[in-house]
Amino acid sequence: MRRRPRPEGAGGGCGSRGPGGSEGAGLASSESGGSGFSLAAAALPERRRPGGGRPRYEVVRELGAEEVRWFYREDRKTWKPFIGYDSLRIELAYRALGPGGPAGPREGEAAAVEPVCVRSGLYEVDVVNAESYPVYWNQTEKIPVMRGQWFIDGTWQPLEEEESNLIEQEHLNRFKGQQLQESFDMEVSKPVDGKEAIHSLKLSRNHVDWHSVDEVYLYSDATTSKIARTVTQKLGFSKASSSGTRLHRGYVEEATLEDKPPQTSHIVFVVHGIGQKMDQGRIIKNTAMMRDTARKIEEKYFSNLATHVEFLPVEWRSKLTLDGDTVDSITPDKVRGLRDMLNSSAMDIMYYTSPLYRDELVKGLQQELNRLYTLFCSRNPEFEEKGGKVSIVSHSLGCVITYDIMTGWNPVRLYEQLLQKEEEELEDRWMSYEEQRLLEELYITKQRLREIEERLHGLKASTVSKPPVLKFKVENFFCMGSPLAVFLALRGIRPGNSGSQDHILPRTICNRLLNIFHPTDPVAYRLEPLILKHYSNISPVQIHWYNTANPLPYEHMKPSFLNPTKEPTSVTDGESVSTVPSPTTSPVMVRRHYGESITNIGKASILGAASIGKGLGGMLFSRFGRSSTTTPQTLETGKDGAEGDDKKATTVGTPPLPHSSSGFLEPTVELEHRIDFELREGLVESRYWSAVTSHTAYWSSLDIALFLLTFMYKHDQEDTDKSNLDAI
């Protein structure tokens, strides 16, 4: 595997730490007896295994810190090695505890050892308790870590630490100071058959034989293993070759400080949608899948860049109390499992559309985003100094909440506009003298109240400036499987006559909005037709497969019609012949509205839930939906009159869009940047089944990982290409 360049000074979220987690002077120190880092051992005579393995010294001595390798184990799988940079720093903290580490004898009280920052700063290692835990999110199960000294041949998995310590102690007692073999070639060429063991060690369930200083074998003492050894030896095979496991002292690859994580130049907050209450660890697992997938793509396509994109999960649901257990208490017992699942998932939509609980959800996500950003910057002080960027990837309902946080949208503003509209209607009807007098007093009182509120806000603004809702500027906002468009439609957003993203999300708030969806996702909706109406008949941009050779850049892909000769609601078999392929690397599939019933179920559930919890009166959305177009900017200012009328866009009389026989658009009003991006369907996947699974299929997609990194690395890639051209 190719290693990405490791720039000097690049951190993995560790900052400048003390002895346990520092990159400082302690790394260069070397104490007698091997208690410190033996990085000065490079001056000793050394030799390497054939093929460029790790170095060995001429005389048996205690293992250097670079020969020891630390491991971690997640989900009870195999042990995974820490990179060299992390392993060296863990070993330094281990040796700072004194001879023997945490279990060794110490004089008086041991000095507290700070946790060691590892794995690009996402985790810390507690050396004393031999466990690791995440920094940015909560995790009930700690991750065990282990110090590896002796390793199994072939797999290079470490022996259990207790056995490894016993073998290492016996090895040093018996062979310390002895000369190693002159050449590893001799060691390889000389078979162990016929050699008698010169030393043995009995363990609880195994025993170890030394045939020479460098030829060590582990044998199982189980009855079946003994029988197998007896049979094979009678057939002429040696004990070692028949049932022994070759052991190696020291790891196959020497740990070096150069084996360091690249600098993080871009962080991505991953926001979950509904259903987190049902499985509180799901967003952590989903983010881990997205992170691992992105690592593979980085290694394959962006290995020339000396920077790194980090993904952090944002778990905002578990800390909320909402109604406590009220909903659970009114849930009937019949079909309890299904009802509990709906309460833990779809109920989040109702909570969000409820005026009583909406603010709690918004504040929960907002506070978690700011907490994570503050914590990251405190551990990476160079991030802001070097212009680090922040993007957000939101899924499902998380897209709506994130959008509302960024734009400051609040249903109270719509309610105030509704009251004003009702007051205007009251003026038009006949009233008695007493009603008119009371109404005038009400108007005067309200006007006086507004003036006092404005003066109060003015005083507050002059003394204390209101902090921004988010502590960072959002570079890219990626929506996945998002119902945001239907929420905006219910709030009165209607297509305009400008192709700017500002119509729904101002560029001053977020530089780029991108809406990603699977074609059969029943929860996902398109955003482009809310900006320009005729884009409902224009195909979304199809996301490239990750292994596409020389894909056309997305900004160069021309828009094409879904159905050039018919309205965008349906396609017949006869019309499918005239559908023109997309200018992408493979043609756009004709949409036959497969799985329509399943998709309609998803639409009905969202629309129903969005209307159930309005709590602002049934006429609120319908009035504003029919009569006006309200952008986030007008929602923010709350202005009306002539200024508000300028921002209204008509929805009637939209002229038919001119198009050529090729199926591509003629020059006319187009979007400044495309927003809707569609995953390609698999050639053999069941469309009905994918309609059920597609809403959660984004996390491990290599196509999406490449898509995200393409936009986040765009400027870095352009700068690298430019510098390469300048050098040429």
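**Strands, helices and two unusual phi values**

Let me open with a single pair of residues: Ser-391 stands opposite Asn-476, which belongs to strand 17. That pair is part of the pairing between strand 16 and strand 17, which run parallel and are joined by six bridges. Before I go further, please keep in mind that this is a predicted model, and that what I describe is computed from its atoms.

Staying with strand 16, residues 389-395, we find a parallel partner in strand 14 too, and six bridges join these two strands. Within that pairing, Phe-269 stands opposite Ile-392 of strand 16. How many of the seven residues of strand 16 are buried? Six of them are, so the strand is largely enclosed by the rest of the structure.

Just after this strand comes a residue that I would like to point out, namely Ser-396, which lies in the loop between strand 16 and helix 12, residues 397-407. Its phi is near 55°, a positive value in a residue other than glycine. As general background, most residues other than glycine have a negative phi. Is Ser-396 buried or exposed? With a relative accessible area of 4%, Ser-396 is buried, the cut-off for that word being under 20%.

Now to a helix that packs in this region. Helix 6, residues 282-301, has 20 residues and reaches 28 Å from its first C-alpha to its last, close to the 28 Å expected at 1.5 Å a residue. Its buried residues include Ile-283, Ile-284, Met-290, Ala-294 and Ile-297, but also Asn-286, Arg-291 and Glu-298. What covers them includes strand 14 (263-271), strand 15 (307-314), strand 16 and strand 17 (474-480), together with helix 22 (702-712).

Let me move to a second helix. Helix 2, residues 161-175, has 15 residues and reaches 20 Å from its first C-alpha to its last, close to the 21 Å expected at 1.5 Å a residue. The buried residues here are Glu-163, Ser-164, Ile-167, Glu-168, His-171, Leu-172 and Phe-175. Why do we say that they line one face of the helix? Seen down the axis of helix 2, the buried residues fall within an arc of 160°, so they line one face. The general background is that an α-helix has 3.6 residues a turn, so residues three or four places apart point the same way. The buried residues of helix 2 pack against strand 9 (150-152), strand 10 (199-202), strand 11 (206-210) and strand 13 (245-249), whereas on the other side of the helix Glu-162 and Asn-173 are exposed. Following helix 2 we meet Gly-177, whose phi is positive, near 90°.

The third region is an open sheet of six strands, in the order 4-3-8-7-6-5, with antiparallel pairing. Its edge strands are strand 4 (80-81) and strand 5 (116-118), each of which pairs on one side only. Helix 1, residues 84-96, packs on this sheet and touches strand 3, strand 5, strand 6 (123-126) and strand 8, its direction making about 165° with that of strand 5.

Inside the sheet, strand 8 (residues 143-148) pairs with strand 3 (residues 69-72) in the antiparallel sense over four bridges, and there Trp-70 stands opposite Arg-147 of strand 8. Strand 8 also pairs with strand 7 (residues 131-134), again in the antiparallel sense, over two bridges, with Pro-144 as the bridge partner of Glu-131. Strand 8 is mostly covered, since five of its six residues are buried.

The loop between strand 3 and strand 4 holds Arg-76, which is not a glycine and yet has a positive phi of about 55°. Where Ser-396 is buried, Arg-76 counts as exposed, at 82% relative accessibility.

Finally, the whole protein. We have 23 helices and 20 strands, and buried residues make up 48% of the 728 residues. Among contacts between residues at least 6 apart in sequence, 74% join residues at least 24 apart. The protein exposes about 36,400 Å², and carbon and sulfur atoms supply 55% of that area.

Methods:
Residues numbered from 1 in each chain as written. Predicted model: local features only at pLDDT ≥ 70, side-chain atom pairs only at ≥ 80, totals over all residues. Heavy atoms only, no water. Pairing = 2+ DSSP bridges. Contact = heavy atoms within 4.5 Å. Axes fitted to C-alpha atoms, helices over the stretch in contact; angles between N-to-C directions. Buried < 20%, exposed > 50% of the residue type's maximum accessible area, 1.4 Å probe, protein only. Areas by Shrake-Rupley, 256 points an atom, 1.4 Å probe, with all protein chains shown as cover. Expected span 1.5 Å × (residues − 1). Arc of directions from axis to C-beta.
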